[in-house]
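Trainee: I should like a close look at one part of this model, namely the surroundings of a buried arginine and of a buried threonine, together with the unusual backbone geometry elsewhere in the chain. Could you take me through it residue by residue?

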Amino acid sequence: QLQLVESGGGLVQPGGSLRLSCTPSAGTLDDYAILWFRQAPGKEPEGLVCSVGTGEGENYLDSLLGRFTISSDSARNMWNLHMTSLKPEDTAVYYCATKSSPLPNYCSRSRFAYTDWGQGTQVTVSS
């Protein structure tokens, strides 16, 4: 079974930035579509952004207002989620999830469209 290794979470002050990373245990980035989603305490999981392989991010959650950006690093075989202007309400466990072939033409922000999930990484935004 595919393993997704996430890293980069931690404690950050409001207004700060973090970069999360997600690496698949097999294959290359172009073998997958990826979703970043999060779950805040007491709330339902929320899809943030997705992309197909090393393509541009698609289907960003509107409320992010451009603060988060997905990117891919083929040399390191990882996707990154760059988060800026962080707010206390961004505090959550962040997950990456992937699906393999057949890849969609347009990726979904629903976590149920993806078959493999990472273990999650905690992001806490607090002063």
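Mentor: What follows treats two side chains and then three backbone features. Please keep in mind that the model is predicted.

Arg 38 is a suitable starting point; this residue belongs to strand 4, which covers residues 33-39. Its relative accessibility is 8%, so Arg 38 counts as buried, the limit being under 20%. The side chain of Arg 38 has a polar partner: the side chain of Asp 90, at 2.9 Å. In sequence Arg 38 and Asp 90 are 52 residues apart, while their C-alpha atoms are 8.8 Å apart in space. Apart from neighbours within four places in sequence, Arg 38 is in contact with Glu 44, Pro 45, Glu 46, Leu 48, Leu 64, Phe 68, Asp 90, Ala 92, Val 93 and Tyr 94.

Ala 92, Val 93 and Tyr 94 lead to the second residue, for Thr 121 touches these three as well. Thr 121 lies in strand 10, residues 121-125. With a relative accessibility of 11%, Thr 121 is likewise buried. Beyond residues up to four places away in sequence, Thr 121 also touches Glu 6, Gly 8, Gly 9 and Leu 20. For Gly 9 there is a specific distance to report: its backbone nitrogen lies 3.2 Å from a polar atom of the Thr 121 side chain.

The backbone features call for a word of background. Most residues other than glycine have a negative phi, and most peptide bonds are trans. Against this, the peptide bond from Ser 101 to Pro 102 is cis, its omega being near 0°. Pro 102 sits in the loop that runs between strand 8 (92-99) and strand 9 (116-117).

Two residues have a positive phi without being glycine. Leu 65 has a phi of about 55°, and Asn 77 has a phi near 55°. Leu 65 is placed in the loop between strand 5 (46-52) and strand 6 (68-73), whereas the place of Asn 77 is the loop between strand 6 and strand 7 (78-83). Are these residues buried or exposed? Leu 65 has a relative accessible area of 68% and is therefore exposed, the threshold being over 50%. Asn 77, by contrast, has a relative accessible area of 17% and is buried.

Technical notes
Residues are numbered from 1 along each chain as its sequence is written. This is a predicted model: local features need pLDDT of at least 70, side-chain atom pairs count only at pLDDT 80 or more; totals for chains, interfaces and linings use all residues. Side-chain values use heavy atoms; hydrogens and water are left out. Helices (H or I, at least four residues) and strands (E, at least two) are DSSP runs, numbered from the N terminus. Buried means under 20% relative accessible area, exposed over 50%, partly exposed in between (1.4 Å probe, protein chains only). A polar contact is a pair of N or O atoms within 3.5 Å; within protein, one must be able to donate a hydrogen and the other to accept it, and residues adjacent in sequence count only if both atoms are side-chain atoms. Contact means heavy atoms within 4.5 Å.
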